[in-house]
Amino acid sequence: MKIGLRGGHSANCLGAVGLRNEYEQMQSLYRYVKDTLEKHGHEVIDCNSNANTESSELREGTTNANSNKVDLYLSLHMNSFNGNAHGTEAWVYKDSGLAYNIANKMTENYEKLGFYNRGVKVSTGLHDLKYSYAPAIIFETCFCDSEKDIEIWSPDSWKTLSFNICNAIDDNIKEKEIIQEVKSDIKATTKNVTTGLNIRECPSDSSKIITSIKPNGLFHILWTEIGWHFVSYYDYLGYVSADYVKLLE
Ligand SMILES: [Zn+2]
C-alpha cells in the first residue's frame, strides 16, 4: 500500500504542548511507523511540512499526498485538553470504508495497550479528511498533557507503540504484545565497565536508574531495541546501553 504519512504539525508551529511536546513526540513516532511499514514492503510518502502557519502546513501535507496518489493518508497527533482527559481517538470523513475500518482497529490496538478508547469520530470539516483524495485518518494517539497516558507509553517507547498502528494497516505486522512473546533469552556480561552498568527504566541516557550491574556480572537479554538491550538481572528488569554489553552465547 502507498501511505501518505505525517507526524503532527511542524517545527515552526508545534501543535499541542502539555507535559510533552506533540511535534517532537510525533516526529519520533513518525520515524518508527515509516520504518516498520517500509520493512513490510509498503511505500511511505513523507507528508511532513516546515510551513509557518497551521493552514499552510496542513495544505502542504494533503497536496503532497494527493500528487503522489497515496492509497491512505495518515496524520499522527497527540491531544491536549485539561490534564484529566485521556485516551486514544481517531477521526475519519465517514463511518464506513477503508479509513473507518483501519481507524477502528487502530483505536482497539491502543486500547489493548491500556489507553481509554474514545472511539472513531466522523467529521467532514477537518482539513486532512476534507482535502485528501485518499481515505484519511487523523489518529490522536493519546493526550500529551495527561499523566495517566504518559504513564502508559513512557515505559515502552514509540517504537513499541508504532507496531499497534502498523498492525491496523497490515495484519502481517505484529502488535507489541506478540513482539514481546517472541523475546530471546541470551546470556551476557558487561564490557569496559569499571564501576557498574546502569539498568534504566527506558531506553534513554536520561531515564531513571533502577539498579546497577556489577562489573562482569551476568544477566539475560530479553529483547533488543536500537542501541539498547532489555535485560533481566536478579529480580530487576530494564534497559542497558548495548555499548557496554558482551554476549556470551
Ligand atoms: Zn495535532
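This is a walk through the protein, from its confidence values to its domains, its sheet, its helices and two unusual loop residues.

Let us begin with how far the model can be trusted. The structure is a predicted model, and its mean pLDDT is 90, with 96% of the residues reaching 70 or more. Confidence is highest in strand 2, at 98, and lowest in helix 7 (residues 176–181), at a mean of 50. Over residues 178–183 the pLDDT stays under 50, and for this stretch the model has 4 contacts beyond four places in sequence.

Keep that stretch in mind as you turn to the overall layout. The protein is divided into domain 1, covering 2–178, and domain 2, covering 183–247. Between the C-alpha centres of domain 1 and domain 2 there are 32 Å. As for contacts across the boundary, 4 residues of domain 1 touch 4 residues of domain 2.

Now look for the open sheet. It has 6 strands in the order 2-1-3-6-4-5, and their pairing is mixed. At the edges you will find strand 2 (43–46) and strand 5 (117–122), each of which pairs on one side only. On average, neighbouring strands of this sheet are turned by 20 degrees against each other, direction ignored. For a closer view, take strand 4 (residues 88–92) and strand 6 (residues 136–143): they run antiparallel and are joined by 3 bridges. Here tryptophan 91 stands opposite isoleucine 138 in strand 6.

Two helices are worth following against these strands. Helix 3 (residues 98–112) packs on the sheet, where it touches strand 3, strand 4, strand 5 and strand 6. The direction of helix 3 makes about 175 degrees with that of strand 4. Helix 2 (residues 54–67) lies across strand 1 (2–7), strand 2 and strand 3 (72–79), and it runs at about 170 degrees to strand 1.

Further along the chain comes helix 6 (residues 158–169), which lets you do a small check of your own. At 1.5 Å a residue, its 12 residues should span 16 Å, and the end C-alpha atoms are 17 Å apart, which agrees. How many of the 12 residues of helix 6 are buried? The count is 11, so helix 6 is largely enclosed by the rest of the structure. Among the buried residues are Trp158, Leu161, Phe163, Ile165, Cys166 and Ile169, along with Asn164 and Asn167.

Next, move on to strand 8 (residues 197–200), which shows two faces. Leu197 and Ile199 make up its covered face, while Asn198 and Arg200 make up the uncovered one. Strand 8 runs antiparallel to strand 9 (residues 209–213), and 4 bridges join the two. Leucine 197 also has a partner across the way, since it stands opposite isoleucine 213 in strand 9.

Finally, two loop residues deserve a look at their backbone angles. Lysine 69, in the loop between helix 2 and strand 3, has a positive phi of about 50 degrees although it is not a glycine. Is lysine 69 buried or exposed? Lysine 69 is exposed, with 11 other C-beta atoms within 10 Å. Asparagine 216 sits in the loop between strand 9 and strand 10 (218–225), and its phi is near 65 degrees, a positive value in a residue other than glycine. Asparagine 216 is exposed, with 11 other C-beta atoms within 10 Å.

Key: Residues numbered from 1 in each chain as written. Predicted model: local features only at pLDDT ≥ 70, side-chain atom pairs only at ≥ 80, totals over all residues. Pairing = 2+ DSSP bridges. Axes fitted to C-alpha atoms, helices over the stretch in contact; angles between N-to-C directions. Contact = placed C-beta atoms within 7 Å. pLDDT = per-residue confidence, 0-100. Expected span 1.5 Å × (residues − 1). Buried ≥ 20, exposed ≤ 12 C-beta atoms within 10 Å, placed from the backbone. Domains from an automatic or database assignment.
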